[in-house]
Amino acid sequence: KEDDLGAVEEQRSVILHLLSQLKLGMDLTRVVLPTFILEKRSLLEMYADFMSHPDLFIAISSGASPEERMIRFVEYYLTSFHEGRKGAIAKKPYNPIIGETFHCSWKSRVPSDTSSNSSSHSLSEQGTVSEESQEQAESDYHTVRFVAEQVSHHPPVSGFYAECVERNMCVNAHVWTKSKFLGMSIGVTMVGEGILSLLDHGEEYTFSLPCAYARSILTVPWVELGGKVSVNCAKTGYSASITFHTKPFYGGKLHRVTGEVKQNATNTVVCRVQGEWNSILEFTYSNGETKCMDLTKLSVTRKRVRPIEKQGAFESRKLWQHVTESLRDGDIDKATEHKKALEERQRNEERLRAETGEPWQTKYFVKDVSNSTQVEYLKCQPSSMS
């Protein structure tokens, strides 16, 4: 459970002091923000929120045609943001330490009607059942596994990968977050891209991510998404363009999103979408049919994470456990002390590597030499994570 931070009125003097040292457009990557606005989890764990609806992710592969698979991917993509930003108040996750990893998995069953408008039930949402019944139930479920790793400190690049072996599909992404001070807002650009691979179909869907903005940082901060993103499948010739609209200064709706799916060869629009990325989306298809998805009513599958005592020293929850415990106890000074110790250790290790000329060795990802910021998961076929 993540507690809301509430308004930041009592910390206004701290924030005003921080803002007085910033200039418009300043890169905030190396600016130390106050500990009290932290979210009590790592950015690597936050990326796992993209898989909060594993049933929609799994259903992409069972689309009967390239057109249907692209539409299903867009439906999944547009439902993947609201869970991570479910709270009304903007909070900042921990900046991952280089070498930090986060692992989790989900059990999910695709319903007999695999249309994305259906909602499945996760094992964590079931009532109390016998062990024998649960074993039988689990045999009907697919597993989605996820791993994220902080592969670079400067620039701060994260890689994350998820797969469903039963469906022979995986997604592989790298993200570099760049923050800028915009006056009464903070803008975060998500540099990088993801690739969904449907190995049974030989298809790859390349996609980008929107920018995020923390607004009203002096009162009750809140988040909105903005910018244009694209999805492309070179093999099938289908693409999608999606626009996350920021709220105009006067009037206009919050969290609005619009988009369309095209067949590139004929420039034919096969699907249009409009609505809010955290509320209701309406899809209109080329045959005239429409479908509404109420994201607030979609079932959320809780991720499974190993207990901290069974985690490695560099796994997110174990690495940050003392910071998290201090924040939960309301001891901001102690949380700041533990956070500084982790960051200082990272700086010392980086300094030592610079002196010895020894490059950092990643655990799960390797750098794509054709792109200085790109990383790829070290894999050929699912599953390299078993």
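**Gly330 and helix H7**

I looked first at the backbone just after H7, where Gly330 takes a positive phi of about 75°. The model I am reading is a predicted one, and I treat this angle as a computed value. I then turned to helix H7 itself, which spans residues 321–328. For its buried residues I noted Gln321, Val323, Thr324, Ser326 and Leu327.

**Gln346 in helix H8**

I next examined Gln346, which lies in helix H8, residues 332–356. Is Gln346 buried or exposed? I found a relative accessibility of 5% for Gln346. Because buried means under 20%, Gln346 counts as buried.

I then asked what the side chain of Gln346 reaches. I traced it to the backbone nitrogen of Ile98, at 2.7 Å. Leaving aside residues up to four places away in sequence, I recorded that Gln346 touches Pro96, Ile97, Ile98 and His153. Ile98 thus appears in both entries: its backbone nitrogen is reached by the Gln346 side chain, and Ile98 is listed among the residues that Gln346 touches.

**Strand S4 and its partners**

I moved to strand S4, residues 142–150, and checked its burial. The strand is mostly covered, with seven of its nine residues buried.

Which strands does S4 pair with? On one pairing, I noted that strand S3 (residues 101–108) runs antiparallel to S4 and is joined to it by eight bridges. Within this pairing I located Cys104, whose bridge partner in S4 is Phe146.

For the other pairing, I found six bridges between S4 and strand S5 (residues 157–164), again with an antiparallel course. Here I looked up Gln150 and found Ser158 as its bridge partner in S5. I also followed the connection between these two strands: a hairpin of six residues joins S4 to S5.

**Confidence**

I closed with the pLDDT values. The protein averages 81, and 75% of the residues score at least 70. I asked where confidence is lowest and where it is highest. Helix H5 (residues 131–138) is lowest, at a mean of 53, whereas strand S8 (residues 203–207) is highest, at 97.

I marked two stretches separately. Over residues 113–129 the pLDDT is below 50, and the model gives this stretch 43 contacts beyond near neighbours in sequence. Over residues 1–10 the pLDDT stays under 50 as well, and I recorded 24 contacts beyond four places in sequence for them in the model.

Technical notes. Residues are numbered from 1 along each chain as its sequence is written. This is a predicted model: local features need pLDDT of at least 70, side-chain atom pairs count only at pLDDT 80 or more; totals for chains, interfaces and linings use all residues. Side-chain values use heavy atoms; hydrogens and water are left out. Helices (H or I, at least four residues) and strands (E, at least two) are DSSP runs, numbered from the N terminus. Buried means under 20% relative accessible area, exposed over 50%, partly exposed in between (1.4 Å probe, protein chains only). A polar contact is a pair of N or O atoms within 3.5 Å; within protein, one must be able to donate a hydrogen and the other to accept it, and residues adjacent in sequence count only if both atoms are side-chain atoms. Contact means heavy atoms within 4.5 Å. pLDDT is the predictor's confidence in each residue, from 0 to 100. Two strands pair if DSSP finds at least two bridges between them.
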